[in-house]
Amino acid sequence: MQVDEEAVGAVLNRLRRAQGQLAGVIAMIEAGRDCKDVVTQLAAVSRALDRAGFKIVASGMRQCMAAADGDAAPMSEAELEKLFLALA
């Protein structure tokens with residue numbers, strides 16, 4: 001299974017946002033910024049990554065439901081559970 005076409009744009013935007021935010025965290029650390037500011041920005045990176053991951057999982061679930069009607073083999077419940085737990 002692949003990330004469906006509807007989700008690709010959102011996933012890439014969220015990953016690019018996280019990439020930019022992570023570069024900001026690195027710059028903040030290199031500049032000796034306050035720890036509270038660094039942690040706040042790092043939390044934003046984490047949220048962006050989580051949102052991208054959830055979008056990927058949702059895409060897999062949509063495909064799993066669609067596969068119940070026909071073509072591709074559906075993703076098993078264990079595989080879906082593993083994807084969700086990987087985000088924790």
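In this predicted model, buried residues make up 24% of the 88 residues in the protein chain. The accessible surface of the chain comes to about 6,300 Å², and carbon and sulfur atoms account for 58% of that area. The chain contains three helices and zero strands, and, when read along the sequence, its pattern is α-α-α. Among the contacts in the chain with a separation of 6 or more, 64% are between residues 24 or more positions apart.

Within the interior, the largest nonpolar core is made up of six residues, namely Ala 18, Val 25, Met 28, Val 38, Val 45 and Ala 48. Helices H1 and H2 each supply at least two residues of this core. In soluble globular proteins, nonpolar side chains tend to be buried together. Val 45, one of the members of the core, is in contact with Ala 18, Gln 21, Leu 22 and Val 25 when its neighbours within four places in sequence are left aside. Of these partners, Ala 18 and Val 25 are themselves listed in the core.

Nonpolar residues are also found on the surface, where Val 3, Val 8, Leu 12, Leu 15, Leu 49 and Ile 56 form a patch with about 410 Å² of accessible area together. The elements that give two or more residues to this patch are helix H1, which covers residues 5-30, and helix H2. The largest share, three residues, comes from H1. Leu 49, a member of the patch, lies in helix H2. With a relative accessible area of 42%, Leu 49 is classed as partly exposed, because this value falls between the limits of 20% and 50%.

A residue of the same helix with a contrasting setting is Ser 59, whose place is in H2, the helix of residues 35-67. Its relative accessible area is 0%, and Ser 59 is therefore buried, since the limit for that class is under 20%. Leaving aside its neighbours within four places in sequence, Ser 59 is in contact with Gln 2, Val 3, Asp 4 and Ala 7. Val 3, one of these partners of Ser 59, is also among the residues of the nonpolar surface patch. Helix H2 thus holds both Leu 49, which is partly exposed, and Ser 59, which is buried.

Methods: Residues numbered from 1 in each chain as written. Predicted model: local features only at pLDDT ≥ 70, side-chain atom pairs only at ≥ 80, totals over all residues. Heavy atoms only, no water. Helix = DSSP H or I, 4+ residues; strand = E, 2+ residues; numbered from the N terminus. Buried < 20%, exposed > 50% of the residue type's maximum accessible area, 1.4 Å probe, protein only. Contact = heavy atoms within 4.5 Å. Patch = residues over 30% accessible without salt bridge, like charges linked within 9 Å, V, L, I, M, F, W, Y side chains within 5 Å. Areas by Shrake-Rupley, 256 points an atom, 1.4 Å probe, with all protein chains shown as cover. Salt bridge = Lys/Arg side-chain N within 4 Å of Asp/Glu carboxyl O. Core = buried A, V, L, I, M, F, W, Y, C linked by side-chain atoms within 4.5 Å.
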